[in-house]
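Notebook open, model loaded. I want to look up the empty spaces first and then the sheet beside them.

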Amino acid sequence: MLRIVSHIERLLLEHDCVILPGFGGFVSRAIPAVWMGESHRFLPMRRELTFNATLRHTDGLLSGSYMREYGVDYQQARLMLEEDVEGLRDRLERDRRLELGHIGAFSIGEEGQLVFEPGDSVVLNAATYGLQAFTFPALRPLEEVREEAARGSGKGNQDVFYIPVSRKFVRLSVASVAAVALFFIVSTPVKEVSQSAYKASFVPTEMIYTPKEEPAPLVKEIPEVVSEPAAAMPEAVETTVRKKVPAPREEVAVRKKMFHIVIASFPTEDQADTYLEGVDRSRLRSAGKVIRGGKYRVYADKFDNRSEAEAYLEEIRKVDTYKDAWLFISR
């Protein structure tokens, strides 16, 4: 199998479109889940792979993959890619059919047209966790089930009573019971508390039971041994239940989508910095580098508007040095 196949398979897991320069592009299209009402059949979300022969420009994805895999510069990676694409075309013309692993197969039709047959899509559908289509029959009406149950038990419908209870009623009932329980749990306010009961190292005589028929107290007062009395408490102490206020949620900053015009891509940051130092700043004043997923890309300029970015891309491609520039979208 050609070495270019493994690069295409790996890139299709991360990108919706991978282009073979001068040959065509593979496009991965997402199809949402579908419910077929007549047959009661559920089709999960899936991705379908198609081939578009009109996509022939260089998007830089395969070249960057070659650079990372074989440790070569951009020019060498581009030459290797051109050789592989030419070898793919020669083998297809010779054998009239070419297998590309899980991607699918190419063949030459009766009228000389290029025909693409998608292959096994399990690799591309990893996001669906291998879900398959299934059929779920419609449920029978509830009244019909009740009547059948009544007939089977030998009793008429008059012996079976159904009391409808709404979920809202149940929630209100539970909330009422919880409120009553909370009312009894929370203590009532305490009034007219003597200050002497709050002095340190004292046993308050007011809290010791003394029978009315005996004038003398059962417990003698203990002499005071603390020179400074404790701070006086308020005459009335009330217990209150405070509602817990939830902490304010932190606002999550949303990164704005940016459009970079990439003119070179490197596997290491040192190579990207070296290339960036040699850029003509009189022409590319806003040149810089963007790092995403371990990839170091040098861009000529960046925009927050796609139309402006595409217009600048068309303009800079007119320069021979940057004719292979491509658009990279990031946040």
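How much space lies in the largest pocket? I get about 560 Å³. Note to self: this is a predicted model.

**Pocket lining.** I listed 18 residues around the largest pocket. Nearest its centre I find Asp 59, Arg 306, Trp 326, Leu 327 and Ile 329. Sorting the lining by class, I count eight nonpolar, seven charged and three polar residues.

Which elements each supply at least two residues of that lining? I noted β1 (17-20), α7 (306-316) and β13 (326-330). Two of these, α7 and β13, come back in the sheet entry below.

**Sheet.** Next I traced the strand order and got β11-β12-β10-β13, an open sheet of four strands with antiparallel pairing. The edges are β11 (288-292) and β13, each of which pairs on one side only. I also checked the twist: on average, neighbouring strands here are turned by 50° against each other, direction ignored.

What packs on this sheet? It is α7, and I see it touching β10, β12 and β13. The direction of α7 makes about 35° with that of β10. So far, then, I have α7 both supplying residues to the lining of the largest pocket and packing on the sheet.

**β10 and β12.** I zoomed in on this pair. Over how many bridges do β10 and β12 pair? I count seven, in the antiparallel sense, between β10 (residues 258-266) and β12 (residues 295-303). One position I wrote down is Phe 266, which stands opposite Tyr 296 in β12.

**Cavities.** Now the closed spaces. How many cavities of 30 Å³ or more are there? The count comes to two. The largest cavity holds about 60 Å³ of space.

I then went through the lining of the largest cavity, which includes Leu 11, His 15, Ser 265, Lys 295 and Arg 297. Trp 326 is on this list too, and I already had Trp 326 among the residues nearest the centre of the largest pocket.

Which elements give two or more residues to the cavity lining? They are α2 (61-70) and β12. The largest share, four residues, comes from α2. From that stretch I have Leu 61, Gly 64, Ser 65 and Arg 68 in the lining.

By class, the cavity lining has five polar, three nonpolar and three charged residues.

**Last jotting.** β12 is the element I keep meeting: it pairs with β10, is touched by α7 and gives residues to the lining of the largest cavity.

How values were computed
Residues numbered from 1 in each chain as written. Predicted model: local features only at pLDDT ≥ 70, side-chain atom pairs only at ≥ 80, totals over all residues. Heavy atoms only, no water. 1 Å grid on protein atoms, 1.4 Å probe; cavity = no way out; pocket = protein on both sides within 12 Å on 5 of 7 lines; lining within 4 Å. Points joined across faces, edges and corners; volume = space filled by probe spheres on them. Nonpolar A, V, L, I, M, F, W, Y, C, P; charged D, E, K, R; others polar. Pairing = 2+ DSSP bridges. Axes fitted to C-alpha atoms, helices over the stretch in contact; angles between N-to-C directions. Contact = heavy atoms within 4.5 Å.
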